[in-house]
Amino acid sequence: MTTTSHRVKTRDYHVVRFAGDSGDGMQLSGHHFTNSVGYAGFDLGTLQDFPAEIRAPAGSTYGVSAFQVQFGAADVHTPGDSPDVLVAFNPAALKVSLPLIEPGALIIVDEATFNDRQLKKAGFDDNPLHGKALAGFDVYPIDITGQTLQALKPFEMKRPDAIRSRNFFVLGFLLWTFGLPREPLADWIRDRFKSRPQILKANTAAVNAGHAFADTAEVAHVFERQTIAEMPLEAAEYRTIRGAEAVALGLSAVSRLANIDLLFCSYPITPASAILHELANTKDPQVGVFQAEDEIASCCAAIGASYAGTLGVTSSSGPGIALKTEAMGLGIASELPLLIIDSQRAGPSTGLPTKTEQSDLLQAVHGRNGDTPLPVVAARSPADCFHAVIDASRIALRHMTPVILLIDGYLASAAEFSRLPEIDNLPPIWTSKRLADALPDRAEQDKIFKRDADSLARPWAIPGTHKLMYRIGGLETDIDSGHISYDAANHQAKTMLRHDKIQRVTDFLPTEALVQGESDSQLLVLGWGSTYGAIFEAVRAEINSGRSVAQAHLRFLHPFAPETEDLLANFERILIAEINVGQLATLVRSESPCVASRIAQYNKVSGLPFKVQEIRDAIGDMFANE
Amino acid sequence: MNKPDYKTFATDREVRWCPGCGDYSILKSVLQTLAETGSTPENTVFVSGIGCASRMPYYVETYGFHTIHGRAPAVATGVKLANPALEVWVVTGDGDGMSIGGNHLLHLLRRNIDLNVLLLNNETYGLTKGQVSPTSRTGTRSPSTPDGSLANPAAPCIFALGSGATFVARGIDVDQKGLPSLLQEAKAHSGTSFVEILQNCIVYNKDVFAPVTDKRSAQEQQIRIEHGKPLLFGAELKKGLRLNPQTLALEVTDNLEDVLVHDETNATLAALLARLSPPMPMAFGIIHRRREATFDGAFHARQKAREAPSLDSLARRAIIHDHRQASDGEST
């Protein structure tokens, strides 16, 4: 094999994939590479793709963990369809990544791992580094293990410990290759390992060795240092933010905007735990964090907090959300504010815990006993989680209702490059405490349920602060007095009240606008949630290629925002793309029957986000079918 | 000084338990306790689950939350984490607390949240018409066990001790003298106070406790325990309990020199006392009490000690704590 032509091709966007054993630190590597990308001012999108096992057997194909990042000058909305650079830490990682990467991609492998034992484990009959198996790719084997051991020799570490620094060697190598700064990584290593000087020195040495390795004469002739045109940024401050971080920041913002405390109650579950960890580390005195004994308890503790005047927040994934269902009904019956964050994952049952899906939409909208409506809101990108949390909390606090915020495993862990939110410019959040404040002391119980004329919300009367002692619960209560009532006409009236109250949320929502394209386009591509980026890039490409396509992306799934039906009715054909078998399509058909016959669906449920090309193909099919 | 009238804590709601139900006298003891200990209605919250016992909040003129089956401990935990200054009472039953809500009760007790739990034990599911409950004795015939139940009963006080409870007591529904003072001690305790109250369900499990609670058998079948006092019972307190060093069990003796003195701080003795049942006398009073930090107290102290970061600083915060991701996988 010749080695004179290795180079990262000059292009506007790069997609880099790190793949290795679960224990090789792939997420860590990807994360720090991404940090440097963001630090350098590039737009970016990431994907974590890892197995459910913490440490799957080393060298196995099913234990391969991967991290993918796309970055470029501007307008990156996805982690990229096909990597043009793959770093494979062992043969198994190469094996599972090969079908994903683009023809001609640069493949960097640790050739020290391509021994008989590892090759056999990965299912290779012959060493793919010798032979034609990798024809068409640009293969660059490096003895990463050997180089790392060499660099760490002065520290006299045990061999397995030293080998664990391989990913830092690779990071150093890649940072040099792409001309990215080492500072964020060096800062992190200093902070993270400050109490373990030996590891601090070793990892720093590994990074520097990788950097130097790429910079030395022996590599320079085969590997040209890469630069990308810098992003034309508006003057503002930017950061790299993951969905879980944006959720945490959003909750802190809610406490300031509403001038109340929050209690975040959760039970560990993949992938929602990322939010629990994030908030626990935020240590915001206004956002308490409580790990409960189970999913039900976490929802109930949040409800108890809300009863006592703190906004209760609970977070989980599909199976946990199912467990919280009865408690949500209590929140609806007792009309308390509650925020439920669902990090959707592939189902059913335990399903694929680390893989993403959008299949909880109908559970969120309909999945409770009785007529128990609640508002459902969805975030569209990692940074958007911040705004979605605020939107959802605003509804919960104004309308005295549980609200479900849908995100998903991909959004929670994915990062994007985003402007810092302008928190000072956000409008304050109105809470129903104001209605309670207006009540006289020792008000009769029937006054305590006097509703706001516009929203139908009841006053948020709080134990300990008002002389408004009253009893609430899950039993049906009289529409006026709030006392238990088994009266037939009252139940009819209360059921309709609960329905109307949620319908009226629409009156307080902004309209949904077209994301791109014209309202007289031939085709509307409609989505919701985390598919925004892939649909955006696909529709943009189709518009650029001359097709008459528009994009809309719903924030408010129940109830719909005002005029949503009018927006949809502009289009003769609507392609609804979602990572389930057609849940938004079902909702739109029932909510807006006038457009039902115009709907086509594109559904994929492989546990992975949409690729841009998949949406483009689906759009192409729509035009081909005409 | 006149005793405060317990009726000041009664609501205007008609009480809807079956006539003759033991819950009536428990409610009276509760209202009396609130009045006599100076509870303030606006700072007191009653939280309950589902079952006959769980209707109690509707009859107490304080804040009240009648929640869902088994979950009152979790809701009450949320209330205390939101506002630790509130006086919180959890009212539950043997089905609500020991069956569907057993997990929550376990964790409430081990966290030692500063509130009071009243577990009204009638050894049956009264509200759903008399099915066997987790505390029903083996062989209990019920609509769901026409040939007699198969499982062993759970013992609430032993469960509470095993869960790490810092206050465990047992009382009797109609004991208008003993129960209010027990409830006062429960309220005064810092941490989770667990009080099992034997309650007579006159419709589905009538007189199930009569062999113990009946006036005629009280002397022989009840032992009233008090910290620092010898464990005496029987006519003229002529009998007592001693430890058999061979079996490590309590046994009855009339040699009063051997009789153990109750030490409520001794968890081992508490476990022995909690286990006593006929033909041995059953223990009533404070079985165990010790002082420990409360979860809600520690939680709020930690929150208060934290400096409120500005949103701006949070938004700018460098990503420096992602060591959690050093392990790629995550468990389910």
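Here are four short exercises on the two-chain structure above, each with a worked solution.

This is a predicted model, where local features need pLDDT of at least 70, side-chain atom pairs count only at pLDDT 80 or more, and totals for chains, interfaces and linings use all residues. Residues are numbered from 1 along each chain as its sequence is written, while chains are lettered from A and ligands numbered from 1 in the order in which they are written.

**Exercise 1.** Work out how the radius of gyration of chain A sits against that of a compact globule.

Start with the rule: the radius is taken over C-alpha atoms, and a globule gets 2.2 Å times the number of residues to the power 0.38. For 626 residues that lands near 25 Å, and chain A has 27 Å, so the two agree. Next, the box: along the principal axes, the C-alpha atoms of chain A fill roughly 85 × 65 × 50 Å. Finally, 57% of the 626 residues in chain A are buried (20 or more other C-beta atoms, placed from the backbone, within 10 Å of a residue's own).

**Exercise 2.** Describe what chain A brings to its contact with chain B.

Count residues first: 74 come from chain A and 55 from chain B (contact means C-beta atoms, placed from the backbone, within 7 Å). On the chain A side, helix H12 (residues 295-307) gives the largest share, nine residues (helices are DSSP runs of H or I, at least four residues, and strands are E runs of at least two, numbered from the N terminus). Then sort that side by type: 36 nonpolar, 25 polar and 13 charged. Here Ala, Val, Leu, Ile, Met, Phe, Trp, Tyr, Cys and Pro count as nonpolar, Asp, Glu, Lys and Arg as charged, and the others, Gly among them, as polar.

**Exercise 3.** Find the strands that pair across the two chains.

Look at strand E15 (residues 471-473) of chain A and strand E2 (residues 63-66) of chain B: they run parallel, joined by three bridges (pairing takes at least two DSSP bridges). Now pick out one facing pair: A:Arg471 stands opposite B:Gly64.

**Exercise 4.** Place B:Gly191 and say whether it is buried or exposed.

Locate it first: B:Gly191 lies in the chain B loop between helix H6 (178-188) and strand E8 (193-198). Then count: 24 other C-beta atoms lie within 10 Å, so B:Gly191 is buried. Last, check who it touches beyond four places in sequence: among them are B:Asn112, B:Thr166 and B:Glu292. B:Glu292 is 101 residues away from B:Gly191 in sequence, yet their C-alpha atoms are 7.3 Å apart.

Definitions and conventions. A residue is buried if 20 or more other C-beta atoms lie within 10 Å of its own, exposed if 12 or fewer, and partly exposed in between; C-beta atoms are placed from the backbone. Two residues are in contact if their C-beta atoms, placed from the backbone, lie within 7 Å.
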